[in-house]
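User: I should like a close look at one part of this protein, a single helix together with the loop that leads into it. Please set that part in the context of the rest of the chain.

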Amino acid sequence: MSIKSQIMADADNQFYTEQGIEPLYTAPKTARIMVVGQAPGIVAQETRLFWNDRSGDRLRDWMDVDRETFYESGLFGILPMDFYYPGKGKSGDLPPRKGFAAKWHPQLLEEMPDLQLFLLVGNYAQQYYLGKDYRKNLTETVKHFGDYLPKYFPLVHPSPRNQLWMSKNPWFEEEVLPILKEKVAAALKD
């Protein structure tokens, strides 16, 4: 049974499977860069295409990567912390379900032997992958991105809602994004 079939057959995911909703992720064997985010938004789930919104446009701009390379090259893997839209909360989408990534990410990562760089987008991805090395908050973790290289690159979520964070932290565009572009380009060239 494929990993996707196992995910869909898992009792924890029956609500989605019964509605005909498949898990949204991609794990090509040729991937060199892994993007780990929170969970698909409603637009992504409805269109069956992750990062298919203004946040995705901004993320690709930050990486200096076009849509075709991002979606069709086989060089990017996308493993959200949950592969299903978690629903709406009071101030945005609900968080990914606890334990989901721990259950499915290791199996999928084994299928991608050429991964060189993990982009950890947001708190949930950073806390899970960095563990005890996660700083006191997202800002501090992103500010010290160099401490996690060459494997991990923590990022703030590229949502337009984070425009205030961006304006309060100009160092992100000035110092972090040029290095991100450089690391992405290097991983795609190898």
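The request concerns helix α4 and the loop before it.

User: In this predicted model, how many residues of α4 are buried, and which are they? Please also describe the loop between α3 and α4, the pocket that α4 helps to line, and the packing of the aromatic residues.

Analyst: The description below refers to a predicted model. It begins with the helix, moves back to the loop, and then turns to the surroundings.

Helix α4 is mostly covered, as seven of its 10 residues are buried. The buried positions are Ser55, Gly56, Arg58, Leu59, Arg60, Trp62 and Met63. The list therefore includes two arginines, Arg58 and Arg60, which count as buried under the cut-off of under 20% relative accessible area. At the N-terminal end, aspartate 53 acts as the cap of α4: one of its side-chain oxygens lies 3.1 Å from the backbone nitrogen of serine 55. Serine 55 thus appears both in the capping contact and in the list of buried residues. After the helix comes aspartate 64, with a positive phi near 60°.

The loop between α3 and α4 holds two residues with a positive phi that are not glycine. Arginine 48 is placed in this loop, and its phi is near 65°. With a relative accessibility of 36%, arginine 48 counts as partly exposed. Tryptophan 51 also belongs to the loop between α3 and α4, and has a positive phi of about 55°. Tryptophan 51, in contrast to arginine 48, is buried, its relative accessible area being 12%.

Phenylalanine 50 sits in this loop as well. A relative accessible area of 12% places phenylalanine 50 among the buried residues. The ring of tyrosine 71 pairs with that of phenylalanine 50 in a tilted arrangement, with 5.9 Å from centre to centre and 35° between the planes. Tyrosine 71 belongs to helix α5 (residues 67-72), and the two partners are 21 residues apart, so that the pair links distant parts of the chain.

This pair can be set beside others, for the structure holds 17 aromatic pairs. One of them, formed by tyrosine 16 and tyrosine 84, is stacked, with 4.3 Å between the centres and 20° between the planes. Tyrosine 16 is part of helix α2 (residues 14-18), whereas tyrosine 84 is in the loop between β2 (76-78) and β3 (88-89); the pair therefore ties together parts that are 68 residues apart in sequence. Both rings belong to buried residues: tyrosine 16 has a relative accessibility of 9%, and tyrosine 84 has 0%. The two tyrosines also belong to one aromatic cluster, together with Phe15, Tyr25, Phe83 and Phe100.

Helix α4 also has a part in the largest pocket, whose volume is about 1100 Å³. A total of 39 residues line this pocket, and those closest to its centre are Gln38, Ser55, Asp93, His157 and Ser159. Ser55 is the residue whose backbone nitrogen meets the cap from aspartate 53. Among the elements that give two or more residues to the lining are α3, α4, β1 (33-36), β4 (92-93), α7 (123-130) and α8 (138-143). The largest contribution comes from α3, with three residues. The two helices on either side of the loop described above, α3 and α4, are thus both in the list of lining elements.

A further link from α4 runs through Met63. This buried residue of the helix is in contact with phenylalanine 76. Leaving aside neighbours within four places in sequence, the other contacts of phenylalanine 76 include Pro28, Ile33, Val35, Val65, Phe70, Val184 and Leu188. Phe76 is one of the two residues with the most contacts inside the largest nonpolar core, the other being Phe172, and this core has 60 residues. Helix α10 (residues 171-189) gives the most to the core, with eight residues.

Taken together, α4 is a mostly covered helix with a capped N-terminal end. The loop before it carries the buried tryptophan 51 and the partly exposed arginine 48.

Note on methods
Residues are numbered from 1 along each chain as its sequence is written. This is a predicted model: local features need pLDDT of at least 70, side-chain atom pairs count only at pLDDT 80 or more; totals for chains, interfaces and linings use all residues. Side-chain values use heavy atoms; hydrogens and water are left out. A nonpolar core is a set of buried Ala, Val, Leu, Ile, Met, Phe, Trp, Tyr and Cys residues joined through side-chain atoms within 4.5 Å. Buried means under 20% relative accessible area, exposed over 50%, partly exposed in between (1.4 Å probe, protein chains only). Helices (H or I, at least four residues) and strands (E, at least two) are DSSP runs, numbered from the N terminus. Contact means heavy atoms within 4.5 Å. Rings of Phe, Tyr and Trp (its six-membered ring) pair if their centres lie within 6.5 Å; planes under 30 degrees apart count as stacked, over 60 as edge-to-face and the rest as tilted. A polar contact is a pair of N or O atoms within 3.5 Å; within protein, one must be able to donate a hydrogen and the other to accept it, and residues adjacent in sequence count only if both atoms are side-chain atoms. On a 1 Å grid over the protein atoms alone, a cavity is a set of points where a 1.4 Å probe fits but cannot get out, and a pocket is an open set with protein on both sides within 12 Å along at least five of seven lines; lining residues have an atom within 4 Å of a point. Grid points are joined across faces, edges and corners, and a volume is the space filled by probe spheres set on the points.
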